[in-house]
Amino acid sequence: MQKYLDKYRNKKRCLFVNVSETSFKLINGYKLNKLYKPIIYSNDHLKDIGEYVRRLNIKIVIIDNTRVNHISEKNIEILSSLKMIGVEVLDAQHFYEILNRRVSLVKFNPHKYHVDDIFSIGISPSQAVLKRFLDLFAAVLCIPIALPLILLGISFVKISSKGNAFFIQERIGENSKPFYIYKIRTMEDIVNMDGSVDKKITRVGKLLRQTKIDELPQLYNIFNGDMSLIGPRPETYRYVIEAVNENAFFNLRHLIKPGITGWAQVHLPKATPKDNLKKLEFDLYYIKNYSILLDIETIMRTIRIILTMNSN
């Protein structure tokens with residue numbers, strides 16, 4: 001018992017009320033358990049919420065309204081009095097966003113989702129104009145540094161392998177409109193004994209990817225308005241169809257222009273297909289909470305990833 005108490009001695013205790021899928025995502029999450037000791041409350045308990053808070057020294061109460069969006073008058077009075085004495089009372093969705101810095105997407109079954117306020121996300125027209133101005137300003141500033149690196153990258157690609165120096169592919173952009181993306185080629189065709197062809201990353205290509213030099217030609221996409229400096233990763237049409245079938249909220253990523261770097265990319269630089277839901281939650285968080293400060297943080301994280309060669 002003492003060992004158990006010692007384990008959580010330096011952690012805040014949080015009480016979960018009306019536990020559902022969202023709550024379990026929090027309770028089972030690494031970040032929550034690193035910082036907090038979760039305690040589950042049920043209306044079946046004889047003790048009221050206030051007594052739990054006092055006896056267990058609880059600092060935060062999390063109300064999960066994923067399935068139940070009503071609460072008794074008695075509990076409203078108790079929670080109001082708790083806030084008066086400094087206890088935090090938060091909605092589970094909001095707490096998830098604060099803790100993980102991504103939105104919580106809950107899927108009840110293959111055809112039903114928890115919606116909450118997800119459709120309220122978006123960037124206002126004034127924010128879009130400001131974002132476009134900053135994109136152009138940043139792109140102009142990058143040209144003196146980017147252009148020599150692009151020429152250097154092209155030279156290495158032409159020397160080390162045969163084929164076009166550029167990789168050009170159709171991607172899906174803002175409002176689900178297709179556009180062509182430009183990168184320095186990092187793959188080459190390998191012909192097998194049976195005549196089949198496989199794609200393989202070259203040694204030069206690996207370096208170009210680690211340093212992000214292969215992404216620099218996308219500055220052209222910024223100038224012509226297809227992309228932004230920061231935004232969701234632009235995906236192929238086939239991938240978008242598969243992703244929408246997996247999660248219907250995926251199309252909300254196309255509310256803004258895709259980016260050379262982004263909130264999801266800097267949090268999951270080595271993402272695998274298993275991380276698709278996390279990536280989507282990070283992208284939607286960025287759209288929902290867009291600000292210049294968030295852009296600055298994304299840029300700083302991108303620089304750190306480049307300097308550490310994706311080692312984080």
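Helices and strands here are DSSP runs numbered from the N terminus, with at least four residues for a helix (H or I) and at least two for a strand (E). What you're looking at is a predicted model. By that count the chain has 13 helices and 12 strands, and among the loops that join them is the one between helix H8 (203-211) and helix H9 (219-223), where Lys212 sits. Here's a quick tour, from the whole chain down to single residues.

**The chain as a whole**
- Taken along the principal axes, the C-alpha atoms fill a box of roughly 75 × 45 × 40 Å.
- Of the 312 residues in the chain, 41% are buried.
- Accessible surface adds up to about 18100 Å², and carbon and sulfur atoms hold 60% of that.
- Take the contacts between residues at least 6 apart in sequence: 70% of them join residues at least 24 apart.

**Helix H7 and its bend**
- H7 runs over residues 125-160, and its end C-alpha atoms span only 46 Å, whereas a straight helix of 36 residues would cover 52 Å at 1.5 Å a residue.
- There's a bend of about 55° in H7 at Ile143, with a proline, Pro144, following within four residues.
- Several H7 residues are buried, among them Lys131 and Asp135 as well as Ala138, Ala139 and Ala146.
- Further along H7, the buried set also includes Ile150, Gly153, Ile154 and Val157.

**A nonpolar patch on the surface**
- About 1100 Å² of nonpolar surface patch comes from Leu130, Phe133, Phe137, Leu141, Ile292, Leu293, Ile296, Ile299, Met300, Ile303 and Leu307.
- H7 and helix H13 (292-307) are the elements that each put two or more residues into this patch.
- H13 is the top contributor, with seven residues.
- One patch member to click on is Leu293, which is found in H13; Leu293 counts as exposed because its relative accessibility is 68%, and the cut-off is over 50%.

**Phe16, a buried spot**
- Phe16 sits in strand S1 (residues 12-17), and with a relative accessible area of 0% this residue is buried.
- Leaving out residues up to four places away in sequence, Phe16 touches Ser23, Leu26, Ile27, Leu32, Pro38, Ile39, Ile40, Tyr41 and Ile62.
- Leu90 is 74 residues from Phe16 in sequence, yet the C-alpha to C-alpha distance between them is 9.9 Å.

**Salt bridges**
- The whole structure turns up 12 salt bridges.
- Within H4 (residues 49-56), Glu51 and Arg55 lie four residues apart, about one turn of the helix, and their side chains meet in a salt bridge at 3.3 Å, N to O.
- In general, residues three or four places apart in an α-helix point the same way, because there are 3.6 residues a turn.
- Glu51 is partly exposed at 22% relative accessible area, while Arg55 counts as exposed at 61%.
- Glu297 and Arg101 pair up too, with a salt bridge of 2.7 Å, N to O.
- That pair links distant parts of the chain, 196 residues apart: Glu297 is in H13, and Arg101 is in the loop between helix H6 (92-100) and strand S5 (106-109).
- Both ends are partly exposed: Glu297 has 23% relative accessibility, and Arg101 has a relative accessible area of 25%.
- Arg301 comes in as well, since Arg101, Glu297 and Arg301 are linked in a network of salt bridges.
- Lys199 and Asp189 also form a salt bridge, at 2.8 Å, N to O.
- Lys199 belongs to strand S10 (residues 197-201) and Asp189 to strand S9 (residues 187-191), 10 residues apart.
- Lys199 counts as exposed with 60% relative accessibility, whereas Asp189, at 48%, counts as partly exposed.

**Positive phi angles**
- Most residues other than glycine have a negative phi.
- Asn57 isn't a glycine, but its phi is positive, near 55°.
- You'll find Asn57 in the loop between H4 and strand S3 (60-63), partly exposed at 48% relative accessibility.
- Lys212 also has a positive phi, about 70°, without being a glycine.
- Lys212, in the loop between H8 and H9, is partly exposed at 25% relative accessibility.

How values were computed:
Residues are numbered from 1 along each chain as its sequence is written. This is a predicted model: local features need pLDDT of at least 70, side-chain atom pairs count only at pLDDT 80 or more; totals for chains, interfaces and linings use all residues. Side-chain values use heavy atoms; hydrogens and water are left out. The expected span of a helix is 1.5 Å times one less than its number of residues. The bend at a residue is the angle between axes fitted to the seven residues ending there and the seven starting there. Buried means under 20% relative accessible area, exposed over 50%, partly exposed in between (1.4 Å probe, protein chains only). Patches are made of residues with over 30% relative accessible area and no salt bridge: like charges are joined within 9 Å, nonpolar side chains (Val, Leu, Ile, Met, Phe, Trp, Tyr) within 5 Å. Accessible areas come from the Shrake-Rupley method with a 1.4 Å probe; for residues, only the protein chains shown count as cover. A salt bridge is a side-chain nitrogen of Lys or Arg within 4 Å of a carboxyl oxygen of Asp or Glu. Contact means heavy atoms within 4.5 Å.
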